[in-house]
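Thanks for sharing this one. Here are a few notes to read alongside the coordinates.

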Amino acid sequence: MIFLKWAFLNLKRNKRLTLATGFALVFGFTGLLLLSGYIKVVDRFVSTQTIYLNMVGHIGILKSGSVEDAYRNPEKYLLSSEEQKEIEQVLEIPFLKENIEKVSKKLTAFALLSAAEKNLPIYIEAYSEGMTAYIENHPQLVKWLPTLLSKIKSSDGVSLTKELYSMLGHDVNAQPIDVQVMTKTLDGYLNGVSDKLTGVHTTGLAFAEDVSAKMSLPKLQELLATDKIGTFSIFLKDETKIEEVIKQLKLSLKGKGFEIYSYNSDEIGAYYTGTMSFINSIGFFFYSLIALVSIFSIVNTLTMGINERTKEIGTLRSMGFNNYQISNLFSLEVIMLTFFAIIISSILYYVLSSFINSLKIPFEPAGSSGYVYFTIYISNSIMLAHACIILFISYLTSFIACKKKLNFNIAELLNEQGVYK
Amino acid sequence: MEQLITILKLKKKYPLGDTVIEALKGIDLKIYKGDFTAIVGASGSGKSTLLNLIGTIDDPDDGEVYFKDINIFKLNENEKAKFRNEKIGFIFQSFNLIPVLNVLENVKIPLLLNKKLSEQQRTDKAIESLEEVGLKDFVYSTPNKLSGGQRQRVAIARALVNNPEFIIADEPTANLDSKTTMNVIDLMLKLNKEKGVTFLFSTHDEKLMDRVSKIIHIKDGLIL
């Protein structure tokens, strides 16, 4: 108890310095929390967009080599019906079954859409039946991308983005019209199918909004004259189980010519990884900046405190305290100050985040189509993790700051002028 | 009498700009248990350097100091720290009390390193030590509320609290008026006689000479 009182009274003795450092720590730590809360929101935004809106799923199963070569030789790199059955059998394993929420087959193709006397190049994605309805009201979309939900209307026919509707000169809410879709089959013959234009969707990606179309899987297979598919997209009930599920899938499908990727890999989630590496780089820069300011504040406070209390250090050492024990006394002061700063910062983090979130500020992230609300993620785990990091940094910094002075011999310390002169 | 400190050919030099000051030029000295010894000399004669070396708070250039049969300069830093904590008490000219702690807490400081003691035992020992110096009624006062003489008494209580065999005092009365000086010296003498604590202190106050059992005159780094 005496050490705590000692540390507290020493902090109190240097009120101005303590307050200055305390403010620096509070601003720094609050900044770190808000920055982390924002990065977390962007992460959830981009991952929800990737997993649900673009239907990549948490995990994708593809034929080996298809990521690199499927566009050059689709016939070879698509999954045959036998291979699909093989994968479907593995997905029946109890552990996988209990963790998987939904499985979709996915097939894609470039094509030409004709309607209302206009022709548009499109990129079609086709999924298993009911998938549009599955994602339309998915809790994750409702939670993270509520503003984009209005851009989705599920259908059994062809679905286009609002941008393509506009290019066709057709109103999204008007009566369905007939459309024709043409492309080359996998054998190289020109083929076409007719369907109704009934749905509307969004990719959430600015660069894909003027080409993205969706249709039912059987229809696209008919257009391509194949029963093959490109990918199995697997949606999990609990995202934290992703590594375990991938491990089980890799084990069960080992040596059968398939590749398994998670949504946060470059192979199937390039948009996610690209966006997050950019955001994380910026975040890391600011994070480092804030951490450095905090470290320098602590070093500055400690150095001034140590210089002022040189004689105290000498006295303690003459009484038998070793360097480590004296360092700990100074560290205790820094940790106490950091602890107070963490409490105030945490309150500020909750208050500021709640306030910002309540404002519902519309915000369009770079590369996205449509806006989302600018929000800060409020999380105890973010706060606790950062508190541990900053306490550790404080402890380490205090040790480094004390080291130089403690290496003086005791006679020199006692002869230096301190507060007891 | 039991020999407590044996000093052999102790030398210490200090760099001062481009020159080197020879603070001690080869001191030989013996201190016995129960001695009440004053080291007397002019300013810069080497008194403080000698006390610092005996107290292991400075390192010599040459020579040896034995505490009983322990060569104290052969000890490593942690052993020296333990030695200072258990065997020696220090009293400083400017008291060196911790201003943010009260009297009781100041006296308890050396006991904090003894993990075998409970908090209550530390408090009891500190109060006992404060009783010996006549400051029982000031345990919860802070040092800035005390007079110079009272502060030095607190410093003496702190030096005594671990029951050291030996107390080193570097000009303990230099910051005190003559009446308080006599009180402090009387207190040190009383502790020397009643508890058998060996005192070695530096002074240039001639009035104290008739009260000490042994006087060592030092001049230009040599004992006269």
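1. In this predicted model, the buried residues of α6(B) pack against four elements of chain B: β3 (36-40), α4 (119-132), α5 (148-160) and β8 (198-203). The residues of α6(B) that are buried are Thr180(B), Thr181(B), Met182(B), Val184(B), Ile185(B), Leu187(B), Met188(B), Leu189(B), Leu191(B) and Asn192(B).

2. The length of this helix checks out nicely. Helix α6 of chain B runs over residues 178-195, and at 1.5 Å a residue its 18 residues should span 26 Å; the end C-alpha atoms lie 25 Å apart, so the two agree.

3. Have a look at both ends as well. At the N-terminal end, Asp177(B) acts as a cap for α6(B), with a side-chain oxygen 3.2 Å from the backbone nitrogen of Lys179(B). Just after α6(B) comes Gly196(B), with a positive phi of about 75 degrees.

4. α5(B) is mostly covered, with ten of its 13 residues buried; among them are Gln150(B), Val154(B), Ile156(B), Arg158(B) and Leu160(B). Its buried residues pack against α13 (310-318) of chain A, and in chain B against β6 (88-91), α3 (103-108), α4, β7 (166-170) and α6. Here too the span agrees: 18 Å is expected for the 13 residues of α5(B) at 1.5 Å a residue, and its end C-alpha atoms are 18 Å apart.

5. A last word on cysteines. With a cut-off of 2.5 Å between sulfur atoms, zero disulfides are counted over all chains. Cys388(A) counts as exposed because its relative accessibility is 52%, while Cys402(A), at 2%, counts as buried.

Note on methods:
Residues are numbered from 1 along each chain as its sequence is written. Chains are lettered from A and ligands numbered from 1 in the order in which they are written. This is a predicted model: local features need pLDDT of at least 70, side-chain atom pairs count only at pLDDT 80 or more; totals for chains, interfaces and linings use all residues. Side-chain values use heavy atoms; hydrogens and water are left out. Helices (H or I, at least four residues) and strands (E, at least two) are DSSP runs, numbered from the N terminus. The expected span of a helix is 1.5 Å times one less than its number of residues. Buried means under 20% relative accessible area, exposed over 50%, partly exposed in between (1.4 Å probe, protein chains only). Contact means heavy atoms within 4.5 Å. A polar contact is a pair of N or O atoms within 3.5 Å; within protein, one must be able to donate a hydrogen and the other to accept it, and residues adjacent in sequence count only if both atoms are side-chain atoms.
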